[in-house]
Number of protein chains: 2
Amino acid sequence: MLRLTQSEENYLKAIFTLSQDAEGAISTNELAEKMLTKASSVTDMLKKLCEKELLEYQKYQGCALTNTGKSHALAIIRKHRLWETFLVDKLSFGWDEVHEIAEQLEHIQSTELTDRLDEFLGFPKVDPHGEPIPGKDGRIESVSNRILLSEAVVGMKGIIMGVEDDQTEFLQYLNKIGLHLGTPIDIVDKLSFDGSIIVNMDGRQIQFSITIAKQISIKPL
Amino acid sequence: MLRLTQSEENYLKAIFTLSQDAEGAISTNELAEKMLTKASSVTDMLKKLCEKELLEYQKYQGCALTNTGKSHALAIIRKHRLWETFLVDKLSFGWDEVHEIAEQLEHIQSTELTDRLDEFLGFPKVDPHGEPIPGKDGRIESVSNRILLSEAVVGMKGIIMGVEDDQTEFLQYLNKIGLHLGTPIDIVDKLSFDGSIIVNMDGRQIQFSITIAKQISIKPL
DNA sequence: GTTAATTTTTAGACTAGTCTAAAAAAAGTT
DNA sequence: AACTTTTTTTAGACTAGTCTAAAAATTAAC
């Protein structure tokens with residue numbers, strides 16, 4: 001059983017998530033930005049992780065996770081999302097308060113613990129932000145027919161299904177305007193010049209910048 | 001708020017527990033043995049912790065925690081015991097399976113989390129091994145009239161109230177012989193030449209070496 | 001297809017934590 | 001009081017992870 005440091009685990013997780021919305025290899029700079037560190041530090045770490053066969057890496061060519069690397073990443077994401085669910089469902093934390101704590105809890109080493117937690121929570125399919133929770137086997141059950149709010153068209157109706165979880169301030173803002181999972185919305189208008197989207201929610205009119213709209217996913221009705 | 005590494009926290013916890021059954025300062029060697037490390041490493045760490053005013057240290061004179069150091073140690077012990085309680089009460093782990101996992105969980109940084117966990121568990125007074133759980137304020141409610149089994153006298157009756165938690169094999173052995181918290185026992189005999197204690201438990205006769213007897217505490221009836 | 005700009009890697013240094021080996025201090029013994 | 005043993009500290013080295021500054025490779029621009 002390959003034992004990883006917290007830092008190595010954080011790199012794997014970052015590479016995995018970057019790979020999800022990018023084609024091909026992940027560049028050193030891209031990763032450095034995500035990890036809030038310097039490119040030189042990233043290079044060092046990539047060499048090490050490549051040595052451990054968790055990713056493929058060639059000088060100046062970026063990196064990509066191997067299957068082993070992917071399953072490690074998925075195991076960490078599984079733990080992160082299960083712990084977030086625990087914190088919200090069992091300890092009554094708000095969805096804006098759990099990310100940082102889960103960033104620590106995701107590194108606890110014990111498959112047995114993870115699986116029992118999963119059971120204790122009733123095998124949840126999604127975390128408090130609507131993100132799917134990978135199963136024991138690392139498979140993510142695809143969350144069907146969701147689109148980003150930024151891709152919605154005027155006149156469409158939908159239900160809020162997921163939001164990005166990594167910015168506390170963003171989630172606090174969503175709390176303030178009363179947006180949560182399950183909230184129904186109507187797409188009222190879209191401003192062509194900056195991409196802003198205007199939605200109707202609980203009878204109120206709310207305007208989202210394109211940046212925000214990209215961080216919210218809905219199920220069209 | 002002073003932020004400590006896991007290693008620093010582990011040293012504080014070790015010094016605290018060693019200080020509980022020893023008078024005066026803790027020696028470098030004693031601590032090295034407890035931490036499964038070398039005396040030279042301990043010296044380095046003592047210098048650092050002294051610098052941070054978590055303990056008092058003078059060359060060749062051993063160390064002793066300051067009040068700040070003590071409350072840090074108590075906070076870690078509080079987390080350790082609350083997590084053990086969670087693992088046993090909520091996730092159905094055995095008392096012999098939780099120590100190692102709690103050693104990791106005790107380093108999670110969030111007072112809010114600790115306090116909410118405490119509430120979720122119903123403010124338990126003792127952990128699954130009978131060890132008292134320090135409160136929010138760091139106070140340990142004294143567990144009244146307990147004595148070590150090694151100090152019991154022949155003819156005495158008692159109830160098992162606590163056991164040492166840090167050796168998995170020891171706890172597995174207790175499981176095997178059917179000893180758990182609340183089990184009533186009679187002290188049948190004591191062998192003068194090696195200090196062994198013979199007890200009657202559930203109608204069976206069981207012999208404990210002095211080493212084992214020192215790791216079990218009872219409430220005399 | 002050179003030159004310029006950008007990206008990435010290397011080189012060398014720093015902190016935290018550990019180690020071994022040797023020196024220094026303290027404690028025990030005669 | 002001097003010698004021996006034990007304990008503790010120092011000195012120097014190693015790994016993991018990070019950094020800055022400079023070199024090298026790649027990409028973009030003309």
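Contact here means heavy atoms within 4.5 Å. Keep that cut-off handy for the exercises below, and remember that you're working with a predicted model.

**Exercise 1. Work out how many residues chain A and chain B each bring to their contact, and how much area they bury.**

Step 1: Apply the cut-off across the two chains. You get 21 residues of chain A in contact with 21 residues of chain B.

Step 2: Now go for the area. About 1700 Å² is buried between chain A and chain B, and carbon and sulfur atoms give 72% of it.

Step 3: Split chain A's part by residue. A:L91, A:Q104 and A:R116 supply 32% of the area that chain A buries against chain B, more than any other three residues.

**Exercise 2. Find the operation that lays chain A on chain B, and say how the copies are related.**

Step 1: Superpose the chains. A turn of 180° with a shift of 0.0 Å along the axis does the job, at an RMSD of 0.0 Å.

Step 2: Read off the symmetry. The two copies are thus related as by a two-fold rotation axis.

Step 3: Locate the axis from chain A's side. The C-alpha of A:L105 is the nearest one in chain A, 3.8 Å from the axis.

Step 4: Check which surfaces meet. Of the interface residues of chain A, 100% are also interface residues in chain B, so the copies meet through the same surface.

**Exercise 3. Describe the protein surface near DNA strand C.**

Step 1: List the neighbours. There are 20 residues around DNA strand C, and A:K47, A:Y57, B:T5, B:T37 and B:K48 come nearest.

Step 2: Sort the residues of this surface by class: five are nonpolar, ten polar and five charged.

Step 3: Assign them to elements. Chain A uses α2 (28-34) and α3 (39-51), while chain B uses α1 (6-21) and α3 (39-51), each giving at least two residues.

Step 4: Ask what part of the strand they see. Sugar or phosphate holds 76% of the strand C atoms within 4 Å of the protein, and bases hold the rest.

Step 5: Look for phosphate partners. The side chain of A:K47 has an N or O atom 2.5 Å from a phosphate oxygen of strand C. For B:S41 the corresponding distance is 2.7 Å, and for A:T43 it's 2.9 Å.

**Exercise 4. Do the analysis for DNA strand D, starting from the residues that surround it.**

Step 1: Count again. Strand D has 20 residues around it, the closest being A:T5, A:T37, A:K48, B:K47 and B:Y57. Of the strand D atoms that come within 4 Å of the protein, 76% are in sugar and phosphate.

Step 2: Class the residues of this surface. You'll find five nonpolar, ten polar and five charged.

Step 3: Pick out the phosphate partners. A polar side-chain atom of A:T37 sits 2.3 Å from a phosphate oxygen of strand D. A side-chain N or O atom of A:T5 lies 2.5 Å from a phosphate oxygen, and one of B:T43 lies 2.8 Å from a phosphate oxygen.

Step 4: Map the surface to elements. Those giving two or more residues are α1 (6-21) and α3 of chain A, plus α2 (28-34) and α3 of chain B.

**Exercise 5. Decide whether A:H99 is buried or exposed, and find its partners.**

Step 1: Place the residue. A:H99 is in helix α5 (residues 99-105) of chain A.

Step 2: Compare accessibility with the cut-off. Buried means under 20%, so A:H99, at 16% relative accessibility, counts as buried.

Step 3: Collect contacts, skipping neighbours within four places in sequence. That leaves A:H80, A:E84, A:D165 and A:D166.

Step 4: Look for a polar contact. The side chains of A:H99 and A:H80 are joined by one of 3.4 Å.

Definitions and conventions. Residues are numbered from 1 along each chain as its sequence is written. Chains are lettered from A and ligands numbered from 1 in the order in which they are written. This is a predicted model: local features need pLDDT of at least 70, side-chain atom pairs count only at pLDDT 80 or more; totals for chains, interfaces and linings use all residues. Side-chain values use heavy atoms; hydrogens and water are left out. A residue is near a molecule or strand if one of its heavy atoms lies within 4 Å of it. A polar contact is a pair of N or O atoms within 3.5 Å; within protein, one must be able to donate a hydrogen and the other to accept it, and residues adjacent in sequence count only if both atoms are side-chain atoms. Helices (H or I, at least four residues) and strands (E, at least two) are DSSP runs, numbered from the N terminus. Ala, Val, Leu, Ile, Met, Phe, Trp, Tyr, Cys and Pro count as nonpolar, Asp, Glu, Lys and Arg as charged, and the others, Gly among them, as polar. Copies are superposed by least squares on the C-alpha atoms of residues with pLDDT of at least 70 in both. Buried means under 20% relative accessible area, exposed over 50%, partly exposed in between (1.4 Å probe, protein chains only). Buried area is the accessible area (1.4 Å probe) that two parts lose on being put together, summed over both.
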